[in-house]
Amino acid sequence: MDMKAIWVLVFLLIGTIPLSAQGDTDNWDVYMAQYDLGPGSTVLNLDLINRAPIANLPTLLVTGVTTPNCGEDGFPTSEELDVLYPIADEIIEELGRLTSSENVGSFTYQCERLEYFYIADSTGIREHLESLYQENYPQYKFYINIESDPDWKAYQEFLYPNEETLEFMANNKVLLQLSNAGDNLLQARMIDHFILFENETELKLFERWAKEQGYASASTTLDRSNDLPYTLHIARVDHVKPPEINNLTYSLRRKAEEMGGVYDGWETVVVR
C-alpha cells in the first residue's frame, strides 16, 4: 500500500486505546494522518525503531480484514472494533505456533484494518491464515500479503511517524496529563522549555536568539556526566492547545538542531 500522508490530524487522546495482545513493556502509541482517500489510523510499537531491522525476522506479513460496518470517515464502528481486536489476537496466537514473529503495528484505513508482522519463516503461513479467516470469520473479506523486507522498510518508512508527527504525539501526552488534572487548556500560561548543548558557545548563541523571540532565560546548568552537559532553561507565556503548542515546540526543536543543540521538552503548571 503505497500512500503518502499529506498532513497530520492533531488530536488529544482521552482514555485508553485497545492494542490487542501487545506486550506490556513495549511503547505502543497511535497517530492519525490524512491520506489520498481520507484519514487513517496507525498503531505501532515505537520502541522497535531502536532495534530495527531484526536480522532473523526478514519477512513482512500484512494481514487483516475489510469490514462493511464503518462510518463515512472509513473507520470501523465501535461495535465492529470489538470483533476486529480479537481477530488480531487470534492471528498473533496462530503465528506464535508457526514461527518467530514480531507484531510491529496496525493500519486502519477505508474500512480495512491491517496488522503488520515481521516473521522468520513464511512456510505454511498463508494456508493457516486462510483457514483461520474462512472458518472463524467467513463474513469478512480478508487480505494476506507476504514479501521480503529485510530492511524493515514498511515499519521504518510507512508505519513509523515522521519528526513532526512525533512532536505532536509527545505534546499530546503532556496535554492529556494536563486535561486529566482539570486544566483549562484554552488559558495561556508560562511554559518552560529545556534545550541541551555540547558546549557553552552553542548555548549562548541559542540563548541570544531565544531572547529575541521574547523568551526569558531562566537558568543554565552543567552536568559533565552527560554527552550534552549544558542545559538551557527558557520560558515564555504561550498557549498550550493544539496547534499552537505543536508549532511552538517544533520551531524550538528545529532551531536547536540548527545551532547544535537538542530540544528536551517542555513543562507547565495546571491552570484551572
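## Secondary structure and dimensions

Helices and strands are here DSSP runs, of at least four residues for a helix and at least two for a strand, numbered from the N terminus. By this definition the chain of this predicted model contains 6 helices and 11 strands. The C-alpha trace spans about 65 × 40 × 30 Å along its principal axes.

Of the chain's 272 residues, 46% count as buried. Among contacts between residues at least 6 apart in sequence, 73% join residues at least 24 apart.

## Nonpolar cores

The largest nonpolar core has 24 residues. Those with the most contacts inside this core are L44, V104, Y116, Y118, W152, Y155 and L159. At least two residues of the core come from each of β2 (28-35), β4 (59-66), β5 (101-109), β6 (112-119) and α3 (153-159). The element that gives the most is α3, with 4 residues.

What is L159 in contact with, leaving aside its neighbours within four places in sequence? The residues are Y31, T42, L44, V104, G105, S106, Y116 and A154. Apart from the largest core lies another, of 22 residues, and I195, W209, Y230 and I234 are among them.

## Surface and charge

The accessible surface of the chain comes to about 13800 Å². Carbon and sulfur atoms account for 48% of this surface.

The chain carries 19 positive and 44 negative charges. The mean positions of these two sets of charges are 9 Å apart.

Conventions:
Residues are numbered from 1 along each chain as its sequence is written. This is a predicted model: local features need pLDDT of at least 70, side-chain atom pairs count only at pLDDT 80 or more; totals for chains, interfaces and linings use all residues. Side-chain values use heavy atoms; hydrogens and water are left out. A nonpolar core is a set of buried Ala, Val, Leu, Ile, Met, Phe, Trp, Tyr and Cys residues joined through side-chain atoms within 4.5 Å. Buried means under 20% relative accessible area, exposed over 50%, partly exposed in between (1.4 Å probe, protein chains only). Contact means heavy atoms within 4.5 Å. Accessible areas come from the Shrake-Rupley method with a 1.4 Å probe; for residues, only the protein chains shown count as cover. Lys and Arg count as positive and Asp and Glu as negative; His and the chain ends are not counted. The place of a charge is taken as NZ of Lys, CZ of Arg, CG of Asp or CD of Glu.
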